[in-house]
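I opened this one to see how a sheet and its helices fit together. Here are my notes, in the order I looked things up.

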Amino acid sequence: SWEEIQADLRSGRPMNRLLQGDVGSGKTVVAGLGASAVIASGAQAAIMAPTSILAEQHFRSLKEQLVGDGLLIEDEIALLQGATPKAEKERINQALAAGQIKLLIGTHALIEDPVRFADLQLVVIDEQHRFGVEQRAALRNKGEHTHLLVMTATPIPRSLALSIYGDLELSVIDELPPGRQEVDTHLLQPAQRKRAHDLIRKELEQGRQAFIIYPLVEGGEEKADKAAVEQSKALQKGAFSDWKIALLHGRLAAAEKEQVMADFRDRKANILVSTSVIEVGVDIPNASVMLIEGADRFGLAQLHQFRGRVGRGGDKAHCILIPEAESDFENERLSAMVATNDGFALAEYDLQQRGPGEFLGKQQSGYSSLRFASLTDSRMIKQTRNMAVAILADDPQLSQPQHLALADSLQAFWRKEAGEVS
């Protein structure tokens, strides 16, 4: 992936690349290398994350990576977010406009008006699906001919990624760093819940932490929040009366959610009880158990994301799946989760089971009306994409006689799908 990014940076044209990598596969390190290459040539780089806690995480790890290796000095890297004090914001804006800050990491605050770069050459967007097209463009437009690297930890089958992100080159990190242990995944009947609680207590006694996730239930998010609140009280009084439980759910304000996660990261609580709002990408190296209640109610991608929250600190980690009812024990998705830790293998399975429309969700539903010979044939899709690029390079307006039928089809498609595809 790094070699592909280097080739883009040297190509003389702006990079447009999607970096896909499973949870904890090292995307931030690759982004840091990209930033260091741009900075070494005298320019600036910016990294935008969807939440403060993720921005802070990137800031800490990149500071360690780049300042530690002598590629930057401490004053050349800065963190900008909504909560940054006004005086500090002004200092950052001045230093940025003067070119003294080389790498700026932050949240949506990066796209606000006072933020001016002297020479922005690389924009990195983390968890790209959390940002709209306009937000990505607003940051990119703060430089000229800016390189763009978007990153996602949601495994998307290569064939589908080539189709949806046809305007982006694709890099995939499909392995985990050396020494990273696979998470042991266990499927238990609801009647075996005590075994799960015993395992959690054993891990807590070793000084580690645990997550317990509850699903969205009938009646929507409000009811799920209520269920999580009730369950956390019951667990605090019962199975985990000797331990501190923190609670995270959808009705908390964004700042409250981030505070709960920060407290859990700082070990002020032993167990985090949460609904599905738990943040993708949040790094809690001390957490070693993930218990997912009502696991049959979640999609494979979501289950895999939850599992990726544990096992990041080198300790043996466990993910326990408990379906809602005994009859759901034979659920195929849950069996697939037990069988493999490979997010891309699970994504391929999910695509085959649900088809592209379901897989992509409502926001991308426009694609399901396009006809594909085979959505799993990534070789053919890549050939098709290359052909499309060649046609547009030769005839951007599709005005040549042999391309008129194609131009008509394209216009008809975009009229029908306008506004549906992001």
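I began with one residue pair: Leu-291 stands opposite Ile-320 in β13. This is a predicted model, so I keep that in mind throughout. I then looked up the strands around that pair, and β12 (residues 287-293) pairs with β13 (residues 318-322) in the parallel sense, over five bridges.

Next I traced the whole sheet. It is open, has six strands with parallel pairing, and follows the order β8-β13-β12-β9-β11-β10. At the edges I found β8 (184-187) and β10 (245-248), each pairing on one side only. The twist comes out at an average of 15 degrees from one strand to the next.

Which helices did I find on the sheet? Helix α9 (residues 254-265) packs there and touches β9 (209-213), β10 and β11 (271-274). Its direction makes about 150 degrees with that of β10. Helix α10 (residues 300-307) lies across β8, β9, β12 and β13, and runs at about 150 degrees to β12.

My last stop was helix α3 (residues 52-68). Its 17 residues reach 23 Å from first C-alpha to last, close to the 24 Å expected at 1.5 Å a residue. I checked which of its residues are buried, and among them are Ile-53, Leu-54, Phe-59, Leu-62 and Leu-66. The list also holds Ser-52, Gln-57, His-58 and Gln-65.

What covers the buried residues of α3? The cover includes α2 (27-40), β2 (44-48), β3 (77-80), β4 (103-106) and α9, the helix I had met on the sheet. After α3 comes Gly-70, with a positive phi near 80 degrees.

Note on methods
Residues are numbered from 1 along each chain as its sequence is written. This is a predicted model: local features need pLDDT of at least 70, side-chain atom pairs count only at pLDDT 80 or more; totals for chains, interfaces and linings use all residues. Side-chain values use heavy atoms; hydrogens and water are left out. Two strands pair if DSSP finds at least two bridges between them. Helices (H or I, at least four residues) and strands (E, at least two) are DSSP runs, numbered from the N terminus. Axes are lines fitted to C-alpha atoms, for helices over the stretch in contact, and angles run from 0 to 180 degrees between N-to-C directions. Contact means heavy atoms within 4.5 Å. The expected span of a helix is 1.5 Å times one less than its number of residues. Buried means under 20% relative accessible area, exposed over 50%, partly exposed in between (1.4 Å probe, protein chains only).
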